[in-house]
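Hi everyone, and thanks for making time for this. I'd like to walk you through a structure that may be new to you, so please take a look at it first.

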Amino acid sequence: MEQQIKISQFLDSEGKITQLPRKQKAKLAVLEYLAGKFQPDCVYSERQVNAICDEWHTFGDFYILRRELVDNNLMNRERDGSRYWRPSED
């Protein structure tokens with residue numbers, strides 16, 4: 001619940017991300033929220049990742065969300081971008 005309180009200012013009434021915060025701590029909290037929309041250890045195509053990111057934000061830039069998920073180790077991907085997956089939480 002603490003995470004929800006921190007990121008609520010970046011979500012609309014439907015829980016969609018309205019902006020990516022500039023501060024790293026808040027940005028990471030928002031990205032962790034988005035990463036939670038992916039099943040751990042399930043393999044996704046780039047198109048599927050784009051669709052999920054697109055569904056959960058309102059500012060029209062799923063590319064940056066996908067890149068930030070990978071750059072912050074919340075999603076893994078093959079070098080060629082053919083497969084993406086959320087690491088397991090062990």
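Let me start with a question: which residue forms a salt bridge with K27? The partner is E68, and the closest N and O atoms of the two are 3.7 Å apart. K27 sits in helix α2 while E68 sits in helix α4, so this pair ties together parts that are 41 residues apart in sequence. Before I go further, please keep in mind that we are looking at a predicted model.

Now, are these two residues buried or exposed? K27 has a relative accessible area of 15%, so it counts as buried. E68 is buried as well, at 14%. The cut-off for buried is under 20%.

Let's stay with helix α2 for a moment. It covers residues 24-35, which makes 12 residues. At 1.5 Å a residue, a helix of that length should span 16 Å, and the C-alpha atoms at its ends are indeed 16 Å apart, so the two values agree. K27 has company on the inside: the buried residues of α2 are K27, A29, V30, L31, Y33, L34 and A35. 

That brings me to the core. The largest nonpolar core has 24 residues, and those touching the most other members are L34, F38, Y44, V49, C53, L69 and M75. Which elements give two or more residues to this core? They are α2, α3, which runs over residues 46-55, and α4, which runs over 62-71. Helix α2 gives the most, with 6 residues.

If you'd like one residue to click on here, try M75. Leaving aside residues up to four places away in sequence, M75 touches F38, Y44, V49, L69, V70, Y84, W85, R86 and P87.

Next, back to salt bridges. How many does a search of the whole structure find? The count is 4, and we have met one of them, between K27 and E68. Another is formed by E46 and R66, with the closest N and O atoms 3.9 Å apart. This pair also links distant parts of the chain, with E46 in helix α3 and R66 in helix α4, 20 residues apart. The two ends are not equally accessible: E46, at 33% relative accessibility, counts as partly exposed, whereas R66, at 15%, counts as buried.

R66 deserves a second look. Besides the salt bridge with E46, its side chain makes a polar contact of 2.6 Å with the side chain of N50. What else does R66 touch? Not counting residues up to four places away in sequence, R66 touches E46, V49, N50, C53 and Y84. Two of those names, V49 and C53, may sound familiar, as they are among the core residues that touch the most other members.

While we are on helix α3, let me point out A51, which is found there too. A51 has a relative accessible area of 45%, so it is partly exposed. From A51 to D61 is 10 residues in sequence and 11 Å in space, going C-alpha to C-alpha.

Let's turn to the strands. There are 3 of them in an open sheet, ordered β1-β3-β2, and the pairing is antiparallel. Which strands are at the edges? They are β1, residues 43-44, and β2, and each of them pairs on one side only. Between β1 and β3, which run antiparallel, there are 2 bridges. In one example, V43 has W85 in β3 as its bridge partner. W85 is also one of the residues that M75 touches.

Finally, have a look at the loop between β2, residues 76-77, and β3, residues 84-85, where D80 lies. Is D80 buried or exposed? With a relative accessible area of 63%, D80 is exposed, because the cut-off for exposed is over 50%. Its side chain is joined to that of S82 by a polar contact of 2.7 Å.

One more salt bridge to show you: the side chains of E78 and R83 meet at 2.9 Å, N to O. Both ends count as partly exposed, with E78 at 28% and R83 at 36%. Compare that with K27 and E68, the pair I opened with, where both residues are buried.

That's my tour, and I'm happy to go back to any view you'd like.

Note on methods
Residues numbered from 1 in each chain as written. Predicted model: local features only at pLDDT ≥ 70, side-chain atom pairs only at ≥ 80, totals over all residues. Heavy atoms only, no water. Helix = DSSP H or I, 4+ residues; strand = E, 2+ residues; numbered from the N terminus. Buried < 20%, exposed > 50% of the residue type's maximum accessible area, 1.4 Å probe, protein only. Polar contact = N/O pair within 3.5 Å; in protein donor to acceptor, adjacent residues only side chain to side chain. Expected span 1.5 Å × (residues − 1). Pairing = 2+ DSSP bridges. Core = buried A, V, L, I, M, F, W, Y, C linked by side-chain atoms within 4.5 Å. Contact = heavy atoms within 4.5 Å.
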